[in-house]
Amino acid sequence: TIFKDIPTLLKGLKLPPPRNPYFQIHRFEDALDSQLNETAIFRSNTYVMTMITEDEAHYKIGLRNYEMTKGSLYFPGPKHLRYY
């Protein structure tokens with residue numbers, strides 16, 4: 001799947017719609033009911049920045065696996081193949 005913009009990315013990840021179609025900021029814990037435990041592999045034409053402040057997350061970007069722990073910052077650019 002390729003998500004062309006922020007609204008379609010959030011919809012595809014089953015997160016609440018953005019307040020602005022060009023910029024979105026939210027806490028994942030504010031959307032726990034809509035989150036997936038694991039996504040299908042996807043691409044997005046957006047920049048994403050995620051900061052892990054508690055617990056951990058597992059990401060795959062391209063062919064590499066990453067374990068994000070407390071204090072990690074995740075910042076992929078557009079078109080990276082990824083899932084979490």
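Where is the place of Asp55? Select Asp55 first: this residue lies in the loop between strand 3 and strand 4, where strands (E, at least two residues) and helices (H or I, at least four residues) are DSSP runs numbered from the N terminus. The model is a predicted one, in which local features need pLDDT of at least 70 and side-chain atom pairs count only at pLDDT 80 or more, whereas totals for chains, interfaces and linings use all residues. Residues are numbered from 1 along each chain as its sequence is written, and side-chain values use heavy atoms, with hydrogens and water left out.

Stay on Asp55 and check its backbone, since this residue has a positive phi of about 60° although it is not a glycine. Most residues other than glycine have a negative phi. Asp55 is exposed, with a relative accessible area of 65%; exposed means over 50%, buried under 20%, and partly exposed in between (1.4 Å probe, protein chains only).

Next, add Glu54, Glu56 and Glu67 to the selection, because together with Asp55 they form a negative surface patch, a patch being made of residues with over 30% relative accessible area and no salt bridge, with like charges joined within 9 Å and nonpolar side chains (Val, Leu, Ile, Met, Phe, Trp, Tyr) within 5 Å. A salt bridge here is a side-chain nitrogen of Lys or Arg within 4 Å of a carboxyl oxygen of Asp or Glu. Within this patch, Glu56 belongs to strand 4 (residues 56-61) and is partly exposed at a relative accessible area of 46%.

Now select Tyr47, Met49, Met51, Leu73 and Phe75, which make a nonpolar surface patch of about 650 Å². Met49 sits in the loop between strand 2 and strand 3 and is exposed, with a relative accessible area of 58%.

In the loop between strand 2 (43-44) and strand 3 (50-51), move to Thr46, which counts as buried at 7% relative accessibility. Its side chain is joined to that of Ser44 by a polar contact of 2.5 Å, that is, a pair of N or O atoms within 3.5 Å in which, within protein, one must be able to donate a hydrogen and the other to accept it, and residues adjacent in sequence count only if both atoms are side-chain atoms.

Then go to Pro21, in the loop between helix 1 (6-12) and strand 2, and display the C-alpha atoms of Pro21 and Pro7, which are separated by 6.0 Å although the residues are 14 apart along the chain.

Finish at Lys79, in the loop between strand 6 (73-74) and strand 7 (82-83), where phi is positive at about 75°.

Definitions and conventions. Accessible areas come from the Shrake-Rupley method with a 1.4 Å probe; for residues, only the protein chains shown count as cover. Lys and Arg count as positive and Asp and Glu as negative; His and the chain ends are not counted. The place of a charge is taken as NZ of Lys, CZ of Arg, CG of Asp or CD of Glu.
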